Amino acid sequence: MTEARWMKEPRAGRRRTTARIAGVRGCLFPDGGAEPVAPKSPPPARDTFQRLSDCRSPAMERPVPPPLLVSRLLVSEQPFEVTLTETVLCWQPLRPKKASSSGTGHLSVPVCDIVAVCETEEDGIGKESGRWQKMPSFSTDLTLHAFTVYHVQRSKEHHWECNEVTFHCSDHLLCNQWVKALKEQLDLQAMRPKHLIIFINPFGGKRLGKQIYDDKVAPLFQLACITADVIVTERANHARDHLIEADLEKYDGIVSVGGDGMFSEVMHGLISRTQKNSGIDENYPTAELVPCDLRIGIIPAGSTDCICYATVGTNDPITSALHIIIGDSQPIDVSSVHHKHMFLKYSVSLLGYGFYGDTLIDSEKNRWMGPSRYNFSGFKTFLSHHCYEGAVSFLPATETPGSPRDPKPCTAGCHICKYSGDQLKVSQKAMKLKCIDEEQQQWKVVKGKFLAINSTNMSCACPKSPKGLSPAAHLADGTIDLILVHKCSRLNFLRHLIRHTNNDDQFDHAFVEVHRVKEFKFTPKYCDEEDTDIQDVGKNLFGQICRDHPSCSCAQHQSSWNCDGEIIKHAAIEVRVHCQLLKLFVRGIEK
Ligand SMILES: Nc1ncnc2c1ncn2[C@@H]1O[C@H](COP(=O)(O)OP(=O)(O)OP(=O)(O)O)[C@@H](O)[C@H]1O
């Protein structure tokens, strides 16, 4: 790996806020201007939850660590006292009034938010203007010594940008000392990936995946010295098949460039590979799946990018690339879907029968329309107003704090997810020891005619529905929010759908019920002929309900399940959540 040195042209994804400077002021410390660096042993790797508390307010919440380096350097032609500790780089103006007009804006950056540090080549010629810049009178040397720190800058609506600040030093030795000290601190950020495998779907969304990666993401990875094996997919399931066979030992993470379907493919490859390595049979519905070690990053380049939006708060490729670079890590729950004793799919966002299943089936016929196919097919499905008769059996999540009606959403560092993750692991072990039979737990059954049956593992927020289908769903608490929309008039259903796009409570309707569950099963009233055992279950559940009532508008046929944007043909399914099975290069939505 070579260090990236490409600071001549400002590129997409990096914002330069500091003015070029043309002079240096002598340092006050006799040994070249820097206080000595005390050698430290590396801190243990910490997950995003722990590192978030470091980043929030290092000075207020914990004792201030001793400085590793202190120097007087120039930033935007103004003298600053610059201090580096294990957790923060800060620069205090020595002439505060002038500093406020210098435009630097940022006076400290947590070390965990630093993307890269590079020595900057300066020769007294303003590289942007091409003209000589005004030199301060004390400068005797036209060759300047500077280094640039690239760091995460929060922008509006959860967007992150890569900002940069350039520090000018009196001599090369001091400059080297700073670059070395900063790089040493970056090397201690043990959660950061160094080598990635990247899959790009060239046909997802508006077919811009390759361009988005080349223009916005690759330069940032290069800056952060992240190397990558890039595979542009040539067919559907290319990424999944590759992951099942490839040597994954050499990678620190996997990146999916595309939409939710592409992410789903990568996720299936990784989960199946992990189970294969551990000798777990995915077809066994109650198998305890083994959590995946590698994290997955999502560079949004699809039509909806719901999974990215619901875990980051925006679908912006640069923001996602920066979360990958700084090594964020957020566990997420995954549901497994089985039909009888056959594994069908995994799901992390929406599993929807009826309205969302029918919309997906129709939208697949209209792929040529691009992302607008979802609006078109959604409208058609709404007009058709099909409802489907069946029975939903579910196991309520009783040990988990929180409810789908909570006013507060799951955010970065969520205590419920952390607590629930720990608790569920303990209770799973206890369950194994005591051999508690699931039959002993309290299953509930809801029979009826449904316009939609939706199960969500996360809020499922997306630009069209900023709060999502289940605004209080948690990313990693080991539960599913099960939303049952019973048969109602078109107008009422429209009212319910509209509430997904505004701040009104979409569950506050008599025909909508929502449950937080660990498992559920759906048995349609009308089954395929080969599903004889499901027909038997159906006979027990339904008797003669509705059989001779064509006017009730129940479709005699079945709908399909929309599983994270992929179609599942079987209507009768069993779904079970696996707490924190997967990790993403995100931190959840920041407050
Ligand atoms: N080279 C390829 N040719 C055809 N299909 C591909 C290729 N690579 C991946 N796919 C498949 O394309 C499907 C859709 O991709 P993707 O999710 O990236 O875009 P999208 O459907 O437009 O976005 P979203 O899922 O967010 O709505 C995925 O199921 C994936 O398996």
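**Ligand shell and helix contacts**

Visitor: How do the residues of the shell around the ligand divide?

Guide: The shell holds 4 nonpolar, 13 polar and 5 charged residues (Ala, Val, Leu, Ile, Met, Phe, Trp, Tyr, Cys and Pro count as nonpolar, Asp, Glu, Lys and Arg as charged, the others, Gly among them, as polar). The model is predicted: local features need pLDDT of at least 70 and side-chain atom pairs 80 or more, while totals for chains, interfaces and linings use all residues. Residue numbers start from 1 along each chain as its sequence is written.

Visitor: Which residues come nearest to the ligand?

Guide: Gly204, Gly258, Gly259, Gly261 and Gly302, out of 22 around the ligand (C-beta, placed from the backbone, within 6 Å).

Visitor: Which helix gives the most to this shell?

Guide: Helix α7, residues 260-278, with 4 residues (helices are DSSP runs of H or I, at least four residues, numbered from the N terminus).

Visitor: Why are α6 and α7 called roughly parallel?

Guide: Their axes, lines fitted to C-alpha atoms over the stretch in contact, cross at roughly 20 degrees and come within 8 Å. Roughly parallel requires an angle under 35 degrees, so α6 and α7 are roughly parallel to each other.

Visitor: What makes α5 and α9 roughly parallel?

Guide: The axes of α5 (residues 209-223) and α9 (residues 317-325) cross at roughly 30 degrees and come within 10 Å. The pair is therefore roughly parallel as well. Their contact (C-beta atoms, placed from the backbone, within 7 Å) is made by Ile212, Lys216, Val217, Leu220 and Phe221 of α5 and Pro317, Ile318, Ala321, Leu322 and Ile325 of α9. These residues divide into 9 nonpolar, no polar and 1 charged.

Terms used:
Helix = DSSP H or I, 4+ residues; strand = E, 2+ residues; numbered from the N terminus. Axes fitted to C-alpha atoms, helices over the stretch in contact; angles between N-to-C directions. Parallel < 35°, antiparallel > 145°, perpendicular 65-115°, else oblique. Contact = placed C-beta atoms within 7 Å.
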